Amino acid sequence: MFLDMYLKEMKEALRDRRTLILSVFLPILLLTGLTLFYESMLTTDENETYTLAVDPSFSKDAKGLLDGFNQMEVKSFDDPIKAVQEGEAAAALQVNEGFMEKIEKGEQVTFNLSGDTYSQDSSFTISQIESALTLFEKQVIQERLQNIKADSKLTSPLQVNIKEVGLDTDNGASLSILSLFLPMIITMAISTGAYPLASDLFAGEKDRKTMEALLMTPVSREKILVAKWLTISSIGALAGIISILVVTLELIFLTDELRKGFSFGNDLWLILPIALSITVLFSMFLGALQMSASIISKTVKESQNYLSPITMLVILPTLFLGGTGLHELTNKHFLLPIFNIFALFKELIYGVIDIQNIFLTASSLIVSIILFFAVSRILFLKDKWVLN
């Protein structure tokens, strides 16, 4: 009877278009969109040009300053700032006429650089112009030092070399983005996939007045509870597993920059089963948590009020652990539910397989599953919470 009830609930869930859309198609679309978005952030189009607005008297000198910056196109405008405001240029550069003569005389010259820093194109143009002016400034300083026969090292007393401490990788940007958005998307897929089913299997039964009939069947309440919990967990796990497989295929076939950080070598066939196993455990934990919230709800609307904050909990690790380095993770990160799956996925994405952290994460999730399932069992055995 228990297996029949579980299979019945699964068939009804998979036949429901809403469940399929929220559990399968929505995560796929979300993953595809975010994968392509982050890929575009890492990819620079070398053929794209950005317009720099200058005064007519400054046009020739500006082109000389920007030698080597092929993406910059200098155009003359009577009012460069107005050209930026009207979208005709990404940034404007202004300086007093005859500035080269002043520089040759050793005088100080002020450049005015204007743009919209909230615009990606404008920010890129401003950064390029700043780099060009910094390079020009160094050239001027070297010429002045040569004229007075001074050592150029006087203006550069310090030399700073930055070395990466930790993992030896040339794909830091790709790995950083993958470790940030992949765990969040997978946990969000599990949470949103199980959300409609958790609300419907308990609060929905009360709303439809079918809970009483269900309890009258010759099946114990414990078996009914386990069957519904496994159904919720199965749909959540299905959404999570599909998310992992979809993003793996998209990184391999649809991206170039992100794919550079997705190279585990021979460890891929070890990392993938670990990720799938932890995904199943997390879906069981989240299913037990969502089930408890649905049991205490009298209506579907009330359950949505309880389940929505739970769904949003999976975003918290991104906010608190997004800037945490791999070697800054401690045991507490792997013992705290929800945070632990984010921390463990971050390690796995970097190709780190730490048996202790895997054990801590799995143990924490199992203890949490037992705890929330026990709470759900206590609630479900009482008519006060089961019947309206």
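The accessible surface of the protein comes to about 21500 Å², and 58% of it belongs to carbon and sulfur atoms; areas were computed by the Shrake-Rupley method with a 1.4 Å probe. The model is a predicted one, in which local features need pLDDT of at least 70 and side-chain atom pairs count only at pLDDT 80 or more, while totals for chains, interfaces and linings use all residues. Residues are numbered from 1 along each chain as its sequence is written, and side-chain values use heavy atoms, without hydrogens and water.

Of the 388 residues, 43% count as buried, meaning under 20% relative accessible area with a 1.4 Å probe and protein chains only. Among contacts (heavy atoms within 4.5 Å) between residues at least 6 apart in sequence, 73% join residues at least 24 apart.

The protein has 17 helices and 4 strands, taken as DSSP runs of at least four residues (H or I) and at least two (E), respectively, and numbered from the N terminus. An open sheet of 4 strands follows the order β2-β1-β3-β4 with mixed pairing, where a pair requires at least two DSSP bridges between the strands. At its edges lie β2 (72–76) and β4 (111–115), each pairing on one side only. From one strand to the next, the twist averages 25°.

A closer look at β4 is a helpful way into the sheet. Strand β3 (residues 91–95) pairs with β4 in the antiparallel sense over 5 bridges, and Q94 has N112 of β4 as its bridge partner. Helix α6 (residues 120–147) lies across β1 (50–54), β2, β3 and β4, running at about 165° to β4; such angles run from 0 to 180 degrees between N-to-C directions, with axes fitted to C-alpha atoms, for helices over the stretch in contact.

How values were computed:
Buried means under 20% relative accessible area, exposed over 50%, partly exposed in between (1.4 Å probe, protein chains only).
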